[in-house]
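Subject: Handing over the structure

Hi,

Here is the structure I promised to pass on. Have a look at it first, and then read on for what turned up.

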Amino acid sequence: MILSKKVSGIAASDGIGIAKAYLLVDPDLSFKKQTISDDAAEIKRLHASFDNSIEELKKIKQNAKASLGEDEVAVFDAHIAMLSDPDMIKQIEDEIKTDKVNAEQALVDVTTNFAETLAAMTDNKYMQERAADVKDIAKRALSHLLGKQLPNLASINSPVIVVAHEITPSDTSQMNKKYIKGMITDMGGRTSHSAIMSRTLEIPAVVGSEKATTEIANGDQLILDGLNGVAIVNPSQDEVSEYEQKATEFATKKAEWAKLVDAPSISKDGKQFEIAANIGTPADVDDALKAGADAVGLFRTEFLYMDSDSLPTEDQQFESYKKVAESMNGKPVVIRTMDIGGDKPLPYLPLPEEMNPFLGYRAIRISLDRQNIFRTQLRALIRASKFGQLRIMFPMIATLDEFRKAKQVFMEEKQKLQQDAPGIGDDIKLGIMIEIPAAAIFADQFAKEVDFFSIGTNDLIQYSFAADRGNDAVSYLYQPLNPALLRLIKHVIDSAHAEGKIAAMCGEMAGDQRALPLLLGMGLDEYSMSSSSILRSRSQMRGLTTGECSTIVDEVLAKCQTADEVESLVNKRLTGVAQ
Ligand code: PEP
Ligand code: MG
């Protein structure tokens, strides 16, 4: 009998998945250089490995096309073309014949050479980027020579739970939601981008387990509990039944929440708030609307830049912003200018190597420095504002000067556009993310000049506690309920209100059930979160009374010293209220 074992991590996306493990880890492709005598046989092996690679790529492409669409699969055609390149094949054959080495060695030597030549073409970006493709096809052919199977997300066509060291945004863009029943990673925290993407895709997820890829083997049966942050490997029949029951209960709750899709986001005492959606692409608006979002509270535009091979043009951006503004049908849409840098690099915009990218050249710092990129984005936004209620928000603002400069650039572009379109952009509200402690502390001054705040707790917590949000070794410092942070947040909300401005939150804390009573008690106006959390939060909000929540906030701030104390006091008071 196989005994089940547990792998725990951080609960990153709600839900329960039961399926076989799919290990997203490259197999060991090491080999020894060998002297061969039969070069014809070796060349035959080489050709077989190329033919098999082409066949495999065709199949992957076929599967991927059905689930992902034409654009996402173009890369496979490029790889197939490379595997048919007579020049490269001849060079490998020549090395086998002349040096009498095995096909593996000749393949690696020749393709490494090709890749290095391409990578050296610094004046031709396109060719330079092809170096990665050559390495990719070499890896595939090598896997066939060695009889090993490479993992490929796009080829998945039956239910699986993905097990990976780390999942990148481009991995998630290859996932077909129909088959991915869950994911578990070694790396990452609750606010790492893979965790956020899993919530957007509504895939149950556990991150930061440290040992998923070493403890779980390909094909192991898995239960993934994204509610409690645990995976059960090779579960017993009893465990499967228990979790099937839990999955049904969760589905029942979801069905209850679904009834609130058209209900207002109000507290029990009838105060109106806004529950908004965080989106990454225009396509995410569908989920936001299905979840009954009152607004889009954060459109992370950097994904438009990351999903492209070059800087998106003004017109391309305009189409995306217009689509979101129109689809939201007059409801507010907060679009954040690009937040590139940190953990979101751009392959075609080489940024300097940095010791501390999270503290480095990123977001508004790049925008103010490379103003051509910023101005293009602002023009697209101003033009799109005709099609809805659009608000612009600047990320990573640390000082008032930065906000003033960004506003100045915005005003200049608006004036230019107004020469042909009088009045365009006049209704746009300008706000900032509060995610750097200096801005939070200085919120009373910022509030005099901005139209709204949106508190980015993912970064605000990272910077307040000096704890990298993607590093699981310090994830215990992700403490949304820590009284120090609560003080800071209350100061931001009070500062906004003192100047009659809106206080919103778009960090993950806004959708955190434990934090909602406190945020409601502090009077936060807008709660922006992954679409998958909206209905649950609306349901929770409708059961809470603002007066009682504000009394709890006062008590928490007066008495509690740790996040755990806050959590238990809130629980105690709320159960008391309910009785
Ligand atoms: C945040 O920092 O809280 C935020 C919403 O921005 P991002 O997660 O994109 O850094
Ligand atoms: Mg941020």
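How far is an oxygen atom of ligand 1 from a polar backbone atom of Thr457? The distance is 3.1 Å. Before you read too much into that, keep in mind that this is a predicted model.

That contact has company. Gly456 puts a backbone N or O atom 3.3 Å from an oxygen atom of ligand 1, and Glu435 has a polar side-chain atom 3.0 Å from an oxygen atom of the ligand. As for cover, ligand 1 has 290 Å² of accessible area on its own, and the protein covers 100% of that. You'll find ligand 1 sitting in the largest cavity.

Now for the surroundings. There are 15 residues around ligand 1, and the closest are Arg300, Arg336, Gly456, Asn458 and Arg469. Sorted by class, the shell holds seven charged residues, five polar ones and three nonpolar ones. Two elements to click on are strand E10 (295-300) and helix H18 (457-464), since each supplies at least two residues of that shell. H18 gives the most, with three residues.

Zooming out, the domain assignment splits the protein chain into domain 1 (5-25 + 151-248), domain 2 (39-146) and domain 3 (272-539). Note that domain 1 is written as two stretches of the chain. Between domain 1 and domain 2, the C-alpha centres lie 31 Å apart.

Over to you, and happy browsing!

Conventions:
Residues numbered from 1 in each chain as written. Chains lettered and ligands numbered in written order. Predicted model: local features only at pLDDT ≥ 70, side-chain atom pairs only at ≥ 80, totals over all residues. Heavy atoms only, no water. Near = heavy atom within 4 Å. Polar contact = N/O pair within 3.5 Å; in protein donor to acceptor, adjacent residues only side chain to side chain. Areas by Shrake-Rupley, 256 points an atom, 1.4 Å probe, with all protein chains shown as cover. 1 Å grid on protein atoms, 1.4 Å probe; cavity = no way out; pocket = protein on both sides within 12 Å on 5 of 7 lines; lining within 4 Å. Sits in = over half its atoms within 2 Å of the grid points. Helix = DSSP H or I, 4+ residues; strand = E, 2+ residues; numbered from the N terminus. Nonpolar A, V, L, I, M, F, W, Y, C, P; charged D, E, K, R; others polar. Domains from an automatic or database assignment.
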